[in-house]
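Biologist: Could you walk me through this model before I go back to the bench? I would like to begin with one chain and then look at how the chains meet.

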Amino acid sequence: MWQMDATDRDIVNGLQGGFPICERPYREMAQQFGISEEELIARLENLLAEKVLTRFGPMFQIERMGGAFSLAAMKVPEEDYDRVTGIVNALPEVAHNYRREHEFNMWFVLATETPEGISQAIAKIETESGLAVYNMPKETEYFVGARFTA
Amino acid sequence: MSLKLDVVDRAIVQATQSGLPLTARPYHDIAEQLGVPPEVVMRRMQAMLDDGVIRRIGAVPNHYALGWSANGMTVWDVINDQVDELGKQVGALEFVSHCYRRPRRLPDWRFNLFAMVHGRDRAEVEAKARQIAALLGTNCRAHSILYSTKILKKSGLRI
């Protein structure tokens, strides 16, 4: 089985932000890791193929583009869970949906072009499921970032 | 706040949504694809980075693959007039990946501060939650940890 080596770890830990915008950005970063441009690109391809990285590139903040985001939660009876999952997941506005261990056992992120899109999606889920959706849009963001060390 | 992005900015967002090309001159390749000069792509991306439309450019790790398999959404009922100051402090903890203030939904949901905590196992998440509890002290009236047990949907949209 393939395993990360020390250079892969340096790349995962050192490239979670700050990738330069210039003509040869990989060459610039490769110097910091003591490898060639070609090797950095090959290692990134491999880290993506091995699913150590889910993505490499810019992370966008959708609200800044005029879209809207919200986190919503539901209390779904266990016997009804599959049906409600189907209803929620069928909406293209639902970006992620997680099952969590709690009375509030379904948590999903809604992403829409407009703020009104959020309330329309919630109304649709409530109508189709017969259950309440608790909308919890963020009021203040104190921190967002990934700080996972490999 | 929302910024007006023009058609070129939107085309750049579209072209890079799934990632940056893994080529020697990635911005030049995007430019060629869009039919605009590379300087324009680089200048626009730098402006979007400065304005926060782009949060950052880099690697997005799969935390499960790195062994961070316990994912706890810790939620806290913090006194309203203390939550902004304390939220910043919780967000500054190195093990918190996201930290937000959200509205209470009384009487069913009393928690107004959310902090995502990842650990290699639940014991590690709980130890970290105790550090948050110590920081919040008596300004926090109750808390809970909601572990994710299944990804029901994960679309291509990345934030």
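**Chain B, the contact and two buried residues**

Modeller: Chain B has five helices and five strands, and please keep in mind throughout that this is a predicted model.

Biologist: In what order do the elements of chain B run from the N terminus?

Modeller: From the N terminus on, the order in chain B is α-α-α-β-β-α-β-β-α-β.

Biologist: And what is the radius of gyration of chain B, set against a compact globule of 159 residues?

Modeller: Chain B has a radius of gyration of 20 Å, whereas a compact globule of 159 residues would be near 15 Å. Along its principal axes, the C-alpha trace of chain B spans about 60 × 35 × 25 Å.

Biologist: What share of the residues in chain B is buried?

Modeller: Of the 159 residues in chain B, 32% are buried. As for contacts in chain B between residues at least 6 apart in sequence, 59% of them join residues at least 24 apart.

Biologist: Switching to the contact with chain A, how many residues does each chain give?

Modeller: Chain B gives 66 residues to the contact and chain A gives 59 residues. On the side of chain B that touches chain A, the elements that give two or more residues include helix H1 (7-16), helix H2 (26-34), helix H3 (38-51) and strand S5 (140-154) of chain B. S5(B) gives the most to that side, with ten residues.

Biologist: How do the residues on that side of chain B divide into nonpolar, polar and charged?

Modeller: The side of chain B that touches chain A divides into 33 nonpolar, 18 polar and 15 charged residues.

Biologist: Which strand of chain A pairs with S3(B)?

Modeller: Strand S6 (residues 140-144) of chain A pairs with S3(B) in the antiparallel sense, over four bridges. Within that pairing, A:Phe143 has B:Cys99 in S3(B) as its bridge partner.

Biologist: Now a single residue: where does B:Gly72 lie, and why is it classed as buried?

Modeller: B:Gly72 lies in strand S2 (residues 70-78) of chain B, and B:Gly72 counts as buried because 23 other C-beta atoms lie within 10 Å, where the cut-off for a buried residue is 20 or more. Not counting residues up to four places away in sequence, B:Gly72 touches B:Val117, B:Val125, B:Ala129, B:Ile145, B:Leu146 and B:Tyr147.

Biologist: What separates the C-alpha atoms of B:Gly72 and B:Tyr27?

Modeller: The C-alpha atoms of B:Gly72 and B:Tyr27 are separated by 37 Å, and the two residues are 45 residues apart along the chain.

Biologist: Over in chain A, is A:Leu40 buried or exposed?

Modeller: A:Leu40, which has its place in helix H3 (residues 37-49) of chain A, counts as buried because it has 23 C-beta neighbours inside 10 Å. Leaving aside neighbours within four places in sequence, A:Leu40 is in contact with A:Tyr26, A:Met29, A:Ala30, A:Phe33 and A:Ile35. A:Leu40 and A:Ile21, which are 19 residues apart in sequence, are 16 Å apart in space, C-alpha to C-alpha.

Biologist: Last topic, the strands of chain A: how many bridges join S2 to S4 there?

Modeller: Seven bridges join strand S2 (residues 68-74) of chain A to strand S4 (residues 106-112) of chain A, and the two run antiparallel, with A:Leu71 standing opposite A:Val109 in S4(A). S2(A) also pairs in the antiparallel sense with strand S5 (residues 134-135) of chain A, over two bridges, and there the bridge partner of A:Ala72 is A:Asn135.

Definitions and conventions: Residues are numbered from 1 along each chain as its sequence is written. Chains are lettered from A and ligands numbered from 1 in the order in which they are written. This is a predicted model: local features need pLDDT of at least 70, side-chain atom pairs count only at pLDDT 80 or more; totals for chains, interfaces and linings use all residues. The radius of gyration is taken over C-alpha atoms; the globule rule is 2.2 Å times the number of residues to the power 0.38. A residue is buried if 20 or more other C-beta atoms lie within 10 Å of its own, exposed if 12 or fewer, and partly exposed in between; C-beta atoms are placed from the backbone. Two residues are in contact if their C-beta atoms, placed from the backbone, lie within 7 Å. Ala, Val, Leu, Ile, Met, Phe, Trp, Tyr, Cys and Pro count as nonpolar, Asp, Glu, Lys and Arg as charged, and the others, Gly among them, as polar. Two strands pair if DSSP finds at least two bridges between them.
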